[in-house]
Amino acid sequence: MILRIAEIFGPTIQGEGALIGEPTVFIRAGGCDFRCSWCDSLHAVDSAYRHTWTPMSPDAIWEEVLRLSGGKPLTVSISGGNPAIQDFAPVIERGKADGYRFAVETQGSIAKPWFADLDTLVLSPKPPSSGETHDWAAFETCLETAGVGPETVLKIVIFDDADYAWAQQVAASYPDMPLFLQPGNPASDPDQASPVAENIARLLWLVEKATSDHWFTPRILPQLHVLLWGNKRGV
Ligand SMILES: C[S@@+](CC[C@H](N)C(=O)[O-])C[C@H]1O[C@@H](n2cnc3c(N)ncnc32)[C@H](O)[C@@H]1O
Ligand SMILES: Nc1nc2[nH]cc(C(=O)O)c2c(=O)[nH]1
Ligand code: SF4
Ligand SMILES: [Mg+2]
């Protein structure tokens with residue numbers, strides 16, 4: 001079996017959400033069923049970049065993770081694109097046998113049986129500013145398929161007031177899921193000068209909005225990797 005891989009990089013730290021700060025190797029799958037207006041990983045989404053995606057066997061993927069991590073177990077985060085388009089079961093099986101932990105980042109539009117084998121499932125439904133709309137039945141299927149195996153968390157990107165109101169509705173529908181909010185990063189140009197000031201301003205806006213509303217449910221975090229490395233790829 002062959003998977004389409006946009007990039008494998010690390011070790012770095014997880015920059016977002018529940019596992020922020022955790023040493024991580026990333027596997028970025030090529031291909032996505034969404035096309036968010038502000039996607040920061042278009043090189044793994046847009047078919048114009050398809051020629052840059054490497055066809056790899058699960059063994060070859062695992063060899064690269066072992067090389068990058070020096071064979072020392074850590075958390076492997078499978079992102080994309082939407083990794084749920086492809087079958088990562090053999091990679092996860094191989095890695096767990098070596099003592100590695102697995103997290104997946106997905107929007108929750110496609111469920112896969114191997115969600116149940118993860119340590120952490122990050123579901124990141126897309127707010128109105130993305131231009132995408134959700135099939136909530138498919139989202140529910142992701143939750144059911146994951147079951148009680150992984151810790152399943154919600155991570156929502158907020159660009160504006162409409163996104164914020166939408167996140168409050170989603171949170172009300174899933175009161176038992178840990179909720180993480182991160183401000184949207186409007187600049188995904190890897191050559192752009194430091195986007196830190198803009199991102200901090202957006203984080204401040206979001207923190208002040210939630211605290212003044214007395215909305216105490218979410219944890220609100222920056223994209224730590226953007227603060228450290230800007231919009232650079234492979235970090
Ligand atoms: C690139 S996506 C890949 C995984 C999956 N397709 C998804 O969207 O969840 C990884 C994470 O980055 C977030 N993200 C993408 N573009 C962003 C941006 N411009 N600002 C902030 N977060 C962004 C997504 O919402 C998601 O949580
Ligand atoms: N350091 C770091 N943390 C991340 N968290 C989610 C990422 C992603 O693009 O899925 C990401 C990424 O690309 N780099
Ligand atoms: S779902 Fe994720 S990878 Fe796909 S376009 Fe949206 S942010 Fe990008
Ligand atoms: Mg990213």
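Biologist: Leaving aside neighbours within four places in sequence, which residues is Thr12 in contact with?
Modeller: In this predicted model, Thr12 has its place in strand E1, and with 19 other C-beta atoms within 10 Å it is partly exposed. Once the neighbours within four places in sequence are set aside, the contacts of Thr12 are Thr24, His225 and Val235.

Biologist: Which residue stands opposite Thr12 in E2?
Modeller: E1 and E2 pair in the antiparallel sense, and six bridges hold the pairing. Across it, two threonines that are 12 residues apart in sequence come to 5.4 Å from each other in space, C-alpha to C-alpha. The residue that stands opposite Thr12 in E2 is Thr24.

Biologist: Which residues are around ligand 2, and how does their shell divide by class?
Modeller: The residues around ligand 2 are Thr12, Ile13, Gln14, Gly15, Glu16, Phe26, Ser41, Ser79, Glu105, His225 and Val235. Among them, His225 and Val235 are also contacts of Thr12. By class, the shell around ligand 2 has three nonpolar, six polar and two charged residues.

Biologist: Is Ile13 buried, partly exposed or exposed?
Modeller: Ile13 is found in strand E1, which spans residues 3-13, and UniProt, in an unreviewed entry, lists Ile13 for "binding site" together with Gln14, Gly15, Arg28 and Ser79. Leaving aside neighbours within four places in sequence, Ile13 is in contact with Gly21, Glu22, Pro23, Thr24 and Leu224. A residue counts as buried from 20 other C-beta atoms within 10 Å and as exposed at 12 or fewer; because Ile13 has 16, the class is partly exposed.

Biologist: Why does Arg28, which the same UniProt entry lists for "binding site", count as buried?
Modeller: Arg28 has its place in strand E2, residues 23-29, a strand in which six of the seven residues are buried. Not counting residues up to four places away in sequence, Arg28 touches Ile5, Ala6, Glu7, Ser41, Ala44, Ser79, Gly80 and Gly81. Arg28 counts as buried because the number of its C-beta neighbours inside 10 Å is 22.

Biologist: Which residue in E4 is the bridge partner of Val25?
Modeller: Strand E2 is joined to strand E4, residues 75-79, by five bridges, and the two strands run parallel. Within E4, the bridge partner of Val25 is Val76.

Biologist: Which residues does the cis peptide bond with omega of about 20 degrees join?
Modeller: One cis peptide bond, with omega of about 0 degrees, joins Gly10 and Pro11, and Pro11 lies in strand E1. The cis bond with omega of about 20 degrees involves Gly81, which is found in the loop between E4 and helix H2 (89-97). This bond joins Gly80 and Gly81.

Biologist: What is the make-up by class of the shell around ligand 3?
Modeller: Ligand 3 is surrounded by residues including Gly80 and Gly81, as well as Cys32, Cys36 and Cys39. Others in this shell are Phe34, Arg35, Ser41, Val45, Asn82 and Gln107. By class, the shell has five nonpolar, five polar and one charged residues.

Biologist: Which strands each supply at least two residues of the shell around ligand 1?
Modeller: Ligand 1 is surrounded by 20 residues, of which the closest are Asp40, Ser41, Glu105, Ser124 and Asn185. By class, this shell has four nonpolar, 13 polar and three charged residues. The strands that each supply at least two of its residues are E5 (101-106) and E7 (151-158).

Biologist: Which strands stand at the edges of the sheet?
Modeller: Nine strands form an open sheet with mixed pairing, in the order E3-E1-E2-E4-E5-E6-E7-E8-E9. Each edge strand has a single partner strand, so one side of each is left without a neighbour in the sheet; these are strand E3 (54-56) and strand E9 (219-220).

Biologist: At about what angle does helix H5 run to E8?
Modeller: Strand E8, residues 179-183, runs parallel to E9 and is joined to it by two bridges, with Phe180 standing opposite Arg219 in E9. Helix H5, residues 196-212, lies across E7, E8 and E9, and its angle to E8 is about 135 degrees.

Biologist: What is the value of phi near which His214 lies?
Modeller: His214 is found in the loop between H5 and E9, and with 6 other C-beta atoms within 10 Å it is exposed. Its phi is positive, in a residue other than glycine, and lies near 55 degrees.

Terms used: Residues are numbered from 1 along each chain as its sequence is written. Chains are lettered from A and ligands numbered from 1 in the order in which they are written. This is a predicted model: local features need pLDDT of at least 70, side-chain atom pairs count only at pLDDT 80 or more; totals for chains, interfaces and linings use all residues. A residue is near a molecule or strand if its C-beta atom, placed from the backbone, lies within 6 Å of it. Helices (H or I, at least four residues) and strands (E, at least two) are DSSP runs, numbered from the N terminus. Ala, Val, Leu, Ile, Met, Phe, Trp, Tyr, Cys and Pro count as nonpolar, Asp, Glu, Lys and Arg as charged, and the others, Gly among them, as polar. Two strands pair if DSSP finds at least two bridges between them. Two residues are in contact if their C-beta atoms, placed from the backbone, lie within 7 Å. Axes are lines fitted to C-alpha atoms, for helices over the stretch in contact, and angles run from 0 to 180 degrees between N-to-C directions. UniProt positions are given in the numbering used here, feature names are shortened, and annotations may be inferred rather than shown by experiment.
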